[in-house]
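The following account is best read with the coordinates open in a viewer. It proceeds from the overall model to selected details.

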Amino acid sequence: MTFFEDQLKQGIFQISYCETCNENIWPPKEICHRCFNESKWKKSENIGKIIEFSKKDSAYFGLVEIDQGIRIMGDISSSSTPKTGQIVTMKVSFDSKPHYSFIVENN
Amino acid sequence: MNNVAIVGTGQTKFSKDDGDVERLLFESTKNCIQSVENCESKDIEGVLVSTNNNSKYLGAILSETIGIQPKISHSIEHLCSSGTNALISGYAYISSGLADIVLVSGVESATNPGQVLDWDKSRGSFEHPIYWASMLTKAHKTKFQTTEEELAIVSAKNHKQAMDNPLAYSNQPRTISEVMNSKQITDDLRILDCSRSCSGSASILLASEEKAKKISDQPIWIKGIGQKTTSASFTKNNLEEIESTRIAAKTAYGMAKVEPNDVDVAEVHDAFSVCELMAISELGITDNDKSGEFVRNLFNTENRMINPRGGLIGAGHPLGATGISQTIEITNQLQGKSEKRQISNLGIGLVHNMSAAGTSSSVMVLEN
């Protein structure tokens with residue numbers, strides 16, 4: 001299991017970033033794609049906005065952008081139809097694969 | 001740089017049965033070699049196998065199966081566009097002078113592992129292609145006012161065209177209404193909007209100009225090639241566009257010295273209905289906001305210009321064989337050998353094949 005996956009298992013979304021290039025690296029990698037130096041890790045603010053969404057069976061899912069530019073797919077919990085641009089908070093976990101869940105604020 | 005031609009083609013039927021890859025490879029290869037009158041197996045100097053299957057050493061296995069000892073043999077994997085990547089590698093071996101005749105064979109079994117890219121952590125638990133396809137479809141509807149009927153026409157058209165392709169996976173005509181009322185996968189995707197992973201194999205024999213003129217009376221020339229990879233992870237994409245296709249097309253048109261409106265026939269990568277609308281726009285054949293209308297017009301006038309063999313939706317999608325099968329269709333169309341689905345007066349044909357939500361694209365321009 002990678003550091004990223006192990007942290008997800010503990011409910012923490014870690015972002016790899018390069019101190020030299022001042023840039024987030026996503027999907028997570030141990031090296032910077034620009035300068036090839038070792039990347040560092042920082043915790044996500046766990047807040048994002050909905051870029052696009054759809055629904056499968058009775059559950060919403062979609063593409064959400066967190067931490068200025070990191071886009072991920074996850075399930076969306078909302079009592080009403082979500083909207084693009086809506087602010088969401090993120091919860092994460094990991095079993096055999098990552099799970100990202102987004103909750104629409106003011107639900 | 002040597003010119004390169006397609007001189008032979010062979011395929012198997014595409015099927016939902018989980019076929020044996022070595023057997024399928026042999027069948028399409030046999031059909032391919034037998035399609036060329038003046039060529040023997042021993043003349044083949046390179047054997048490239050395109051697949052997502054986990055079987056090892058297939059280039060050497062296929063070579064031994066057909067009794068040859070080629071200079072070059074290996075496998076090529078690039079998810080859904082493995083086939084065109086293998087063809088372009090074969091082109092490069094010949095144009096550089098490393099080989100004169102190269103066999104390119106693609107194969108897949110229905111239960112291949114090529115649909116899921118575990119590396120892409122940005123997809124979370126939504127790893128199946130239906131999820132990115134739902135995002136692209138929703139975004140297309142919102143930005144270009146694309147209707148569900150326009151999306152359904154892509155599938156109805158391609159199913160109808162596949163009826164005249166005896167090797168296609170689907171042999172059922174589907175009306176627009178049947179597509180629109182087919183099982184709902186997500187709010188933005190129905191089952192008949194999706195191509196289906198299946199078993200099948202397709203093979204092409206490529207030759208240098210000198211050899212092609214000796215062994216074929218109808219060589220089809222690869223005049224333009226464009227390839228572009230913008231990322232591996234889906235979520236790097238802008239949902240409203242397929243940038244890799246746009247860039248690859250520009251390169252291919254430039255190399256072939258043609259314009260989009262010179263294209264008479266095209267096989268485009270309709271993994272899902274929305275992909276055909278996006279592809280024909282990025283290829284410059286129509287505009288994004290007119291793509292639905294363009295396809296409706298093709299359907300109403302029974303014009304088979306786009307995806308005459310039925311595309312991925314109608315013919316099926318054996319990943320490693322798809323790009324090669326698309327190229328065979330355009331080759332046969334330019335040779336006038338497409339029987340019931342033959343389009344008349346063709347000069348320039350195009351093949352568009354892509355991978356992983358359009359993060360990588362290949363475009364080839366063919367000419368007779």
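The paragraphs below treat chain B, one of its helices, the interface between the chains, and the domains of chain A.

This is a predicted model, in which local features need pLDDT of at least 70 and side-chain atom pairs count only at pLDDT 80 or more, while totals for chains, interfaces and linings use all residues. Residues are numbered from 1 along each chain as its sequence is written, and chains are lettered from A and ligands numbered from 1 in the order in which they are written. The model scores ipTM 0.95 and pTM 0.97. For chain B the mean pLDDT (the predictor's confidence in each residue, from 0 to 100) is 96, and 100% of its residues reach 70 or more.

Chain B contains 12 helices and 11 strands; helices (H or I, at least four residues) and strands (E, at least two) are DSSP runs, numbered from the N terminus. Its C-alpha atoms fill a box of roughly 55 × 45 × 35 Å along the principal axes. The radius of gyration of chain B, taken over C-alpha atoms, is 19 Å, which agrees with the value near 21 Å for a compact globule of 368 residues; the globule rule is 2.2 Å times the number of residues to the power 0.38. Of the 368 residues in chain B, 61% are buried, meaning that 20 or more other C-beta atoms, placed from the backbone, lie within 10 Å of the residue's own.

Helix α2 (residues 58-65) of chain B illustrates this burial: L58(B), G59(B), L62(B) and S63(B) are buried. Seen down the axis of α2(B), these residues fall within an arc of 140 degrees, so they line one face of the helix; the arc is that of the directions from the helix axis to the C-beta atoms. Their cover includes α1 (21-34), β2 (46-50), β3 (72-76) and β4 (101-108) of chain B. After α2(B) comes G67(B), whose phi is positive, near 70 degrees.

Between the chains, 18 residues of chain A are in contact with 19 residues of chain B, contact requiring C-beta atoms, placed from the backbone, within 7 Å. On the chain A side, β4 (47-56), β5 (59-66), β6 (70-77) and β8 (98-104) each supply at least two residues.

Chain A itself is assigned domain 1 (3-43) and domain 2 (47-104), with bounds from an automatic or database domain assignment. The contact between these domains takes 8 residues from domain 1 and 9 residues from domain 2 of chain A. Helix α1 (residues 3-9) of chain A gives the most to the domain 1 side, with 3 residues.

Notes
Buried ≥ 20, exposed ≤ 12 C-beta atoms within 10 Å, placed from the backbone. Contact = placed C-beta atoms within 7 Å.
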